[in-house]
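Subject: Structure for you to look at

Hello,

Here is the structure I promised to pass on. Please open it and keep it beside you while you read. My notes follow straight after it.

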Amino acid sequence: TEQSYIMIKPDGVQRGLVGDVIKRFEQRGYTLKGLKLINVAKDLAEKHYQDLSARPFFPALVDYICSGPVVAMVWEGKGVVATGRKMIGATNPLASEPGTIRGDFAIEVGRNVIHGSDSVESAQREISLWFPEGVAE
Ligand code: ATP
Ligand code: MG
């Protein structure tokens, strides 16, 4: 079954949005397969966002992800990658529709609460990176 790597970023954890995010994915019908609270090391953040390493905001992005604990999760179910992205909303929260996670909780692209894998291939890479020990069957 399809899986996605979903991560509540430090601002989302600090603001107490963990329960709401989990509730939305549960209510939609997805299954939680892995979950942990992590203080992210710089090299892990850099590997996660490796495709963005040439972008001017990359150092600030890595600092943001390392600024406090994140909640790393694996969610499973039909179409979870694309539907998860729809539930999350656009990268820039000002362009995110109300009803999406970013559209309900954020206004800054550099504080946009949550990450979701952008393809099945990225999901596989990200799950291996964040859950090298594996997830539930
Ligand atoms: P994510 O990968 O975190 O789910 P995304 O896929 O919507 O977000 P990406 O293009 O992969 O967007 O960018 C990764 C993250 O980098 C964004 O979520 C945001 O936190 C940050 N970011 C993207 N563009 C900018 C920008 N122009 N200025 C500042 N930060 C940015
Ligand atoms: Mg992305």
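S117 sits in the loop between β4 and α7 (120–130). Note early on that the model is a predicted one.

Is S117 buried or exposed? With a relative accessible area of 0%, S117 counts as buried, because that value is under the 20% cut-off.

Which residues does S117 touch? Leaving aside neighbours within four places in sequence, S117 is in contact with S4, Y5, V81, R85, S122, A123 and E126. Two of its polar partners can be named. The side chains of S117 and E126 are joined by a polar contact of 2.6 Å. A polar atom of the S117 side chain also lies 3.1 Å from the backbone nitrogen of Y5.

Now the sheet. It is open and has 4 strands. Their order is β2-β3-β1-β4, and the pairing is antiparallel. β2 (31–38) and β4 (114–116) are the edge strands, so each pairs on one side only. On average, neighbouring strands of this sheet are turned by 15° against each other, direction ignored.

Helix α2 (residues 18–28) packs on this sheet. It touches β1 (3–8), β2, β3 and β4. The direction of α2 makes about 5° with that of β3.

How many bridges join β2 to β3? There are 7, and β3 covers residues 70–76. The two strands run antiparallel. Within this pair, T31 stands opposite E76 in β3.

A second helix to look at is α5 (residues 80–88). Helix α5 lies across β1, β3 and β4. It runs at about 25° to β1.

Last, the ligand. Which residues surround ligand 1? They are K9, Y49, L52, F57, L61, R85, T91, R102, V109, N112, H115 and G116. R85 appears here and also among the contacts of S117.

Some distances to oxygen atoms of ligand 1 are worth checking on screen:

- Y49: a polar side-chain atom lies 2.6 Å from an oxygen atom of ligand 1.
- R102: a polar side-chain atom lies 3.2 Å from an oxygen atom of ligand 1.
- V109: here a backbone N or O atom lies 3.0 Å from an oxygen atom of ligand 1.

How much of ligand 1 does the protein cover? On its own, ligand 1 has 580 Å² of accessible area, and the protein covers 75% of that.

Over to you.

Best wishes

Terms used. Residues are numbered from 1 along each chain as its sequence is written. Chains are lettered from A and ligands numbered from 1 in the order in which they are written. This is a predicted model: local features need pLDDT of at least 70, side-chain atom pairs count only at pLDDT 80 or more; totals for chains, interfaces and linings use all residues. Side-chain values use heavy atoms; hydrogens and water are left out. Axes are lines fitted to C-alpha atoms, for helices over the stretch in contact, and angles run from 0 to 180 degrees between N-to-C directions. Contact means heavy atoms within 4.5 Å. A residue is near a molecule or strand if one of its heavy atoms lies within 4 Å of it. A polar contact is a pair of N or O atoms within 3.5 Å; within protein, one must be able to donate a hydrogen and the other to accept it, and residues adjacent in sequence count only if both atoms are side-chain atoms. Accessible areas come from the Shrake-Rupley method with a 1.4 Å probe; for residues, only the protein chains shown count as cover. Buried means under 20% relative accessible area, exposed over 50%, partly exposed in between (1.4 Å probe, protein chains only).
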